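User: I would like to work through this protein step by step. Please keep the answers short.

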Amino acid sequence: MRIDGRRRSGNIVDRRGVSGKAVGIGGGVLGAIVIGIITLLSGGNIGDVARNVMGSQTGQPAATAYQETAEDRQLADFVSVVLAGTEDVWTKVFREQGWGEYEPPKMVLFHGSVSSGCGNATSQVGPFYCSADKTVYIDLDFLKDMETDIGGGGDFAYAYVIAHEVGHHVQNLLGILPEAHSRMSSLSETEANRVSVRLELQADYLAGVWGHEDNAMFNSIEPGDVEEALDVASKIGDDYLQKKAYGQEMPESFNHGRSEWRVRWLEKGLRSGDPKGGDTFSVAYPEL
């Protein structure tokens with residue numbers, strides 16, 4: 001992904017040297033990886049964690065003191081460029097669509113654990129968007145570990161993860177996210193999970209729209225970039241992760257969608273760039 005000469009965002013808050021209240025997640029190392037990736041890697045929100053995970057938690061000590069590495073500095077610079085790109089793209093799109101002025105989210109960089117407007121979390125839950133404070137939270141170690149943990153990575157794949165979280169922010173500004181969460185509160189767990197899947201796939205689509213527009217504005221996509229992002233999308237589907245962790249899939253517990261669905265909606269957004277083309281709520285569930 002080309003980023004030379006591009007501006008950096010002014011909405012980055014660096015809290016890597018500040019420990020939040022740690023929240024431990026039961027289930028061992030594999031359980032933590034699976035929970036983190038399934039629940040929040042690709043753009044869940046901390047409310048999903050509270051519903052699916054928090055009930056089995058025990059406390060653990062705060063992380064050790066953070067020391068920035070050269071790789072960390074490079075990644076922090078990269079995510080700042082990507083966030084700035086989402087600001088430029090969505091400001092343009094909101095004006096063109098008559099959606100009002102785009103209010104960009106903050107992005108908090110943290111290490112180990114963090115306190116957000118949606119509660120406390122550790123880096124085990126992965127990047128997440130908190131609608132209560134309109135902020136994306138990310139531990140850069142997550143990006144560094146993607147290749148090891150899920151077998152995929154690369155700069156445009158990292159950008160996809162960030163753009164997906166910002167996609168949830170766009171949903172929040174448009175009223176889609178709060179309406180969906182309101183509906184979910186009155187549904188059975190299985191039906192609520194299906195609404196969550198639709199939210200996540202729409203955020204994948206919006207990430208694709210961002211990639212399309214960012215490339216149009218900055219010629220940012222290089223050969224192999226799209227393939228990187230689609231590869232990661234294929235490896236963060238609920239079916240893929242559940243089979244990897246448990247040897248079988250459990251469709252009633254899906255809350256992000258099948259791998260083929262995630263790839264389809266991300267690719268559709270990348271191809272079309274149409275901000276209105278991602279209505280995942282009007283498609284029959286088996287056909288997503």
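Analyst: A disulfide is a pair of cysteine sulfur atoms within 2.5 Å. Keep in mind that this is a predicted model. In it, the sulfur atoms of Cys118 and Cys130 are 2.0 Å apart, and the two residues form a disulfide.

User: How many disulfides does a search of the whole structure find?

Analyst: The search covers the whole structure. Cys118 and Cys130 form a disulfide. The number found is one.

User: How far apart in sequence are the parts that this disulfide ties together?

Analyst: Cys118 lies in the loop between strand S3 (113–116) and strand S4 (119–122). Cys130 lies in strand S5 (residues 128–130). The pair therefore ties together parts whose separation in sequence is twelve residues.

User: Is the disulfide of Cys118 and Cys130 right-handed or left-handed, and why?

Analyst: Look at the torsion about the S-S bond. For Cys118 and Cys130 it is about 90°. The disulfide is therefore right-handed.

User: Is Cys130 buried or exposed?

Analyst: Buried means under 20% relative accessible area. Cys118 has 29% relative accessibility, so Cys118 counts as partly exposed. Cys130 has 0%, so Cys130 counts as buried.

User: What is the order of strands in the open sheet of four strands?

Analyst: The pairing in this sheet is mixed. S1 (12–15) and S5 are the edge strands, and each pairs on one side only. Neighbouring strands are turned by 25° against each other on average, direction ignored. The order is S1-S2-S6-S5.

User: Which residue in S6 stands opposite Met107?

Analyst: Strand S2 (residues 106–110) pairs with strand S6 (residues 135–138). The pairing is in the parallel sense, over four bridges. The residue opposite Met107 is Val136.

User: How far apart are the end C-alpha atoms of helix H7, and what span should its residues give?

Analyst: Helix H7 (residues 189–218) has 30 residues. At 1.5 Å a residue, H7 should span 44 Å. The distance between its end C-alpha atoms agrees with that, at 42 Å.

User: How many residues of H7 are buried?

Analyst: H7 is largely enclosed by the rest of the structure. That follows because, of its 30 residues, the buried ones number 21.

User: What phi does Asn219 take?

Analyst: Asn219 comes just after H7. Its phi is positive, at about 50°.

User: Where is Gly257 found, and is it buried or exposed?

Analyst: Gly257 is found in the loop between helix H9 (238–246) and helix H10 (259–272). Its relative accessible area is 0%. That is under the 20% cut-off, so Gly257 is buried.

User: Which residues is Gly257 in contact with, leaving aside its neighbours within four places in sequence?

Analyst: Distance in sequence and distance in space are separate things. Gly257 and Ile236 are 21 residues apart in sequence, and 8.7 Å apart in space, C-alpha to C-alpha. Contact means heavy atoms within 4.5 Å. Beyond its sequence neighbours, Gly257 is in contact with Val197, Gly237, Asp238, Asp239 and Arg262.

User: Which side chain makes a polar contact with the side chain of His256?

Analyst: His256 is found in the loop between H9 and H10. Its relative accessibility is 0%, so His256 counts as buried. The polar contact of its side chain is at 2.6 Å, and the partner is the side chain of Asn255.

User: What percentage of the residues in the protein are buried?

Analyst: The secondary structure comes to ten helices and six strands. The protein has 288 residues. The buried share is 53%.

Notes
Residues are numbered from 1 along each chain as its sequence is written. This is a predicted model: local features need pLDDT of at least 70, side-chain atom pairs count only at pLDDT 80 or more; totals for chains, interfaces and linings use all residues. Side-chain values use heavy atoms; hydrogens and water are left out. Helices (H or I, at least four residues) and strands (E, at least two) are DSSP runs, numbered from the N terminus. Buried means under 20% relative accessible area, exposed over 50%, partly exposed in between (1.4 Å probe, protein chains only). A polar contact is a pair of N or O atoms within 3.5 Å; within protein, one must be able to donate a hydrogen and the other to accept it, and residues adjacent in sequence count only if both atoms are side-chain atoms. The expected span of a helix is 1.5 Å times one less than its number of residues. Two strands pair if DSSP finds at least two bridges between them. Axes are lines fitted to C-alpha atoms, for helices over the stretch in contact, and angles run from 0 to 180 degrees between N-to-C directions.
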